[in-house]
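The following note sets out numbered remarks on the model for a colleague's consideration. Each point takes up one topic.

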Amino acid sequence: MGGIIPDVVAQSVDAVATAAYAVATAAYAVVLISANAEWRCVRALLPDADVQTSPYGEWFSVELPVRGESCSCVFLHGGWGKIAA
């Protein structure tokens, strides 16, 4: 199965993955937040964050103090809450 639509989707996914990799490799820490309630709390704690949207959910990068130095930290919202264990 081919065509223009699958090609465009594949290119978009590749572009998002490449951008996410570039941000993540430059970050001191990457934090994945799954549940919506926790994501709202983090957003409230970091109200000045420049929130971006990806096909996989919202994310942002902020500078936070770590051991007296400013470090880039990426926060990702996965959108999944509790799962059956």
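1. S34 is partly exposed, since its relative accessible area is 32% and the partly exposed class lies between the limits of 20% and 50%. The residue sits in the loop between strand 1 and helix 2. Its C-alpha atom is separated by 8.2 Å from that of L76, although S34 and L76 are 42 residues apart along the chain. It should be kept in mind throughout that this is a predicted model.

2. The sheet has 4 strands, is open, and follows the order 1-4-3-2 with mixed pairing. Strand 1 (29-33) and strand 2 (52-54) are the edge strands, each of which pairs on one side only. From one strand to the next the twist averages 30 degrees.

3. The pairing may be followed along the sheet. Strand 1 and strand 4 run parallel and are joined by 5 bridges; here A29 stands opposite C73 of strand 4. Strand 3 and strand 4 run antiparallel, with 8 bridges between them, and in this pairing V62 has C73 as its bridge partner in strand 4. C73 therefore faces A29 and is also the bridge partner of V62, where strands pair if at least two bridges are found between them.

4. Strand 2 is joined to strand 3 (residues 57-66) by 3 bridges, and the two run antiparallel. Within that pairing, S54 stands opposite G57 of strand 3. At the other pairing of strand 3, a hairpin is formed with strand 4, with 2 residues between the strands; R67 in this turn has a positive phi of about 50 degrees.

5. Which strands does helix 2 touch as it packs on the sheet? Helix 2 (residues 36-45) touches strand 1, strand 3 and strand 4 (69-77), and its direction makes about 45 degrees with that of strand 3.

6. The largest nonpolar core comprises 8 residues: I33, W39, V42, A49, F60, V62, C73 and F75. Helix 2, strand 3 and strand 4 are the elements that give two or more residues to this core. V42 is in contact with I33, F60 and F75, its neighbours within four places in sequence being left aside. As a general matter, nonpolar side chains in soluble globular proteins tend to be buried together.

7. The count of aromatic pairs comes to 2. The ring centres of W39 and F60 are 5.5 Å apart and their planes stand at 45 degrees, so the pair is tilted. This pair links distant parts of the chain, with W39 in helix 2 and F60 in strand 3, 21 residues apart. W39 and F60 are both buried.

8. Why is the pair of F60 and F75 classed as stacked? The ring centres of F60 and F75 are 5.1 Å apart and their planes are at 15 degrees, so the pair is stacked, the cut-off for that class being planes under 30 degrees apart. F60 in strand 3 and F75 in strand 4 are 15 residues apart, and this pair too links distant parts of the chain. Both residues, F60 and F75, are buried.

9. W39, F60 and F75 form one aromatic cluster. These three residues are also among the members of the largest nonpolar core.

Methods. Residues numbered from 1 in each chain as written. Predicted model: local features only at pLDDT ≥ 70, side-chain atom pairs only at ≥ 80, totals over all residues. Heavy atoms only, no water. Axes fitted to C-alpha atoms, helices over the stretch in contact; angles between N-to-C directions. Contact = heavy atoms within 4.5 Å. Buried < 20%, exposed > 50% of the residue type's maximum accessible area, 1.4 Å probe, protein only. Core = buried A, V, L, I, M, F, W, Y, C linked by side-chain atoms within 4.5 Å. Phe/Tyr/Trp six-rings, centres within 6.5 Å; stacked < 30°, edge-to-face > 60°.
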